[in-house]
Amino acid sequence: MPVRMDPAVSWVADTLDYEPLYPAAAARAAALRPPPHESGLTRRLGYCRTLVKLASTVLAAAAAGATAAAMQASIDWLVGWRNAMLQRFFAASLLQAYAAQLVISCCLVLAAAGAVQALAPRAAGGGVTWVMAVLNGNAVGGLFTPLVFAVKWCGSVAALGASLCLGVEAPMVHLGACLASMACRADQRLWALLGRQGWLHRLLAGRRKGAEPPGDAASLALAAAGWQHENREEREAVSAGAAAGIAAAFGAPIGGVLFSLEEACTVWSRRIAWRCFLASTIAVITHSQLNRHADSGLLSAQLRPLAPLEWAQQSPLILAVSAGGGLLGAAFNRLRLAARPLRARAKHHAGRVREAMLVAAATVTTIAALSATVGSCLPVPAEWRQDAWVQHTCPAGHYNDLATAWLSPPVWSIRTLISLGTEEEPLGKAPYYTPASLAAMAAAYLPLFAASAALAVPGGLFMPSLLLGGAAGALAGGALRAALPGWRIQPGLYALCSATAVLGGVFRSSISLVVLMTEATGTLAPMLGVILAVITANACAVLLGTEGVYESELEAEIRLNYLPQDPPPKFAPLVAEQLMASPVEGLPRVVPVAQARELLRFSKHHGFPVFDPLHRDGRAGTFRADGFIVRSQLEMLLAAPQAYCDAHGRYLLAPPDVDAFEEELAAAMAYRLAHVASEGQLAALGSPAGAANSGAADASPLRQALLATRRSRHDGGLGAAGARPAPAPPSPFEQPVLPHLNLGPFMDTAPMAVRLDTPAPRVHSLFVSLSLRHLLVVDEANHAHGMITRRDLAHAAGSLLRARSIAQQSAVFLDSDMERPLESG
């Protein structure tokens, strides 16, 4: 007996269909068509489709590069304006300067946090974890909208202007994914527009000019060519957009590709690799043309190459400094997790905004206090830009080293730290930063960095990690230079290695991090030190048992069912029978309409096996699985009265051509599956109004699919908490015949299935490599005993099952307005 679906689970993210839908009628039609290589039209359509996708990728990548350049220019301008305003107050008194800085920072944070909470909750934070979740197969609604893009961009600029310990590199990953997703959707709309052109219809049908268009059959053929793999194409586009975003931020095209491979993507292929490489290259070229400081890498530093003997001599020192950086990264992760229970709830808007303003006030107070007490006045080097350093209360021609390191643009501050001891910043008698200032900054920056993470403002963790590690590494490098004067130690090299180690400890990255830092510095000279730093930082994190920030955030996010690429160790002794949900809910091949509607209303599943009643074992409660059908297909059949049949599968409103009708409806199902969320549409489609809006009995299935798609974007659907079950539609038949649905022509006749004793690691690998949503568990006779979903694997993978249940029971305290994007996703 079906179990009533708990309304609390409706806010858990749905999963995406990455495999195309192949109903039996569509497979039958494909078997009757000529092979693709025999059709020149098919090749031409394929070439056109490839060119359109190529153009959308190039445009999205160029837009990502321009976005990064505009963001960096805006941050430089805002920080310069703020420092110029503060300098006027520094000339009067420190108290006035502190008050002005406090007002400016709190206003900027108020604007950023208020916009996030009121307009775009998905714009908070860096956004990389949400992008990873989407690429893993979770449907997160409202993540790639223009509003999220605008709030993310403006909020990131405001957060940097407010002196928060945040960066813009992670937001650029989200922004690049937004641009790629929007370009992909525009690409799909263009293809749909072409599908409505009469001349293309005639070309597709092989008719000459003057003949009547072939109608919905040709439209559906074009739709299938452009939309059948929409989720898969959007996954490729988002992967490329994420690579372009991080590549533009660091000026590292190869690093962007490797970041997408190592961190963002769950599924990788040669096609995704080429698309990421193209997008990263275009984004970096565009950024370098628009930003004069990005031509040789974001953190360009002319470090002196070390001789082999020098590397052998200084490697132990580099390992020691890198271990310290790795410990700082692990300490940050521990502090961030410890502060999580103290955070304001996501739906407590006033609390979230107040929390962000309190952190901003604490940051400003720390900067003001340390700059006045610890900061030293040093002569301005001739090599420095005149608009970067902060004079504070120092005499003309001097700068306050601590205020300069903290209040200048983060990119410039990091570049000055890793350039210590180079030709650009030669170390003379006067140091660029005093040891006391570097020590005070590193000590104070760590807790503020942990407090700034997970605020209700856009911002990432890359640049703060680099600044924290750079300050600690420069301090250690200066001390080693003073202790070992004959070793020609470059403090900038140690600052770079320490910064890389902090990044490695925070994110647990390896190859992509090495390439990103090497390309960002614009030189191969420090590569060996960077490699040693990454290895040491990851070893420290493993010894301390700390996870990367992305993994810990994804595991703690109870609304997602994230599957890591490697199966958890606890899966080793398990088999499929221990993972499956049983008994499995199935549908007979010819099912009464009332039974299908009742199953959809009370079941929490998205897919159902189809069986022949003659092969059902009533005593064991199992049946032979003959096929598989998903929820959206059943919803379309329920919304189309012309698809109703009698108990023998004969259509009550017999179409002129049964085969053509079934093929058209099957293509419309594939079309709709690419557009509409998989769950929560029965309330709209099953109601009399929904049936009326679906079109009359003579409306085409394609038109019904389009109307259902538009409605789904406005209705909460059955998945919304508190939705009332819709009454059955009035019967369109004159004689009292019990309407049925014939699922045979529309079910997938070759669903994925495993045996009961299949090892759990193999089940996990199937889900990840094939992007599955459902997996039947059968015995030797192909009788279905259960079903495994992504949620089952996510629950079995960790100890979050009880936490998820508690969170679902307390979901009444959540504000439904912020969770609505997940429901519609």
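User: In which sense do strand β8 and β13 pair, and which residue of β13 stands opposite F623?

Analyst: In this predicted model, strand β8, residues 622–630, is joined to β13 over two bridges, and the pairing has the antiparallel sense. Within β13, the residue that stands opposite F623 is A784.

User: What is the bridge partner in β13 of V778, and how many bridges join strand β12 to β13?

Analyst: The bridge partner of V778 is A784, the residue of β13 that also stands opposite F623. Strand β12, residues 774–778, runs antiparallel to β13, and the number of bridges that join the two strands is five.

User: Which residue takes a positive phi in the hairpin of β12 and β13?

Analyst: The hairpin has four residues between its strands. One residue there has a positive phi near 65°, and that residue is N782.

User: Why is strand β13 described as largely enclosed by the rest of the structure?

Analyst: Buried here means under 20% relative accessible area. Strand β13 covers residues 783–789, and it is largely enclosed because the buried residues number six of the seven.

User: What is the strand order of the open sheet that contains β10, and which strands stand at its edges?

Analyst: The open sheet has three strands with antiparallel pairing, in the order β6-β10-β9. Each edge strand has a single partner, so one side of each is left without a neighbour in the sheet, and these edge strands are β6 (590–592) and β9 (644–645).

User: Which residue of β10 stands opposite V590, and at what angle to β6 does helix α23 run?

Analyst: Three bridges join β6 to strand β10, residues 740–742, with the two running antiparallel, and V590 stands opposite N742. Helix α23, residues 593–602, lies across β6, β9 and β10, and its angle to β6 is about 80°.

User: Are helices α13 and α16 roughly parallel or antiparallel, and how many charged residues does their contact have?

Analyst: The axes of α13 (residues 349–373) and α16 (residues 435–452) come within 10 Å and cross at roughly 175°, which means that α13 is roughly antiparallel to α16. The contact is made by V359, A362, T363, T366 and L370 of α13 together with A440, A444, L448, A451 and S452 of α16. By class, this contact has seven nonpolar and three polar residues, while the number of charged residues is none.

User: How far does helix α5 reach, and which residue just after α5 takes a positive phi?

Analyst: Helix α5, residues 146–161, has 16 residues and reaches 23 Å from its first C-alpha to its last, close to the 22 Å expected. Its buried residues include V148, F149 and K152. Just after α5, a positive phi of about 70° is taken by S163.

Methods. Residues are numbered from 1 along each chain as its sequence is written. This is a predicted model: local features need pLDDT of at least 70, side-chain atom pairs count only at pLDDT 80 or more; totals for chains, interfaces and linings use all residues. Side-chain values use heavy atoms; hydrogens and water are left out. The expected span of a helix is 1.5 Å times one less than its number of residues. Buried means under 20% relative accessible area, exposed over 50%, partly exposed in between (1.4 Å probe, protein chains only). Two strands pair if DSSP finds at least two bridges between them. Contact means heavy atoms within 4.5 Å. Axes are lines fitted to C-alpha atoms, for helices over the stretch in contact, and angles run from 0 to 180 degrees between N-to-C directions. Angles under 35 degrees count as roughly parallel, over 145 as roughly antiparallel, 65 to 115 as roughly perpendicular and the rest as oblique. Ala, Val, Leu, Ile, Met, Phe, Trp, Tyr, Cys and Pro count as nonpolar, Asp, Glu, Lys and Arg as charged, and the others, Gly among them, as polar.
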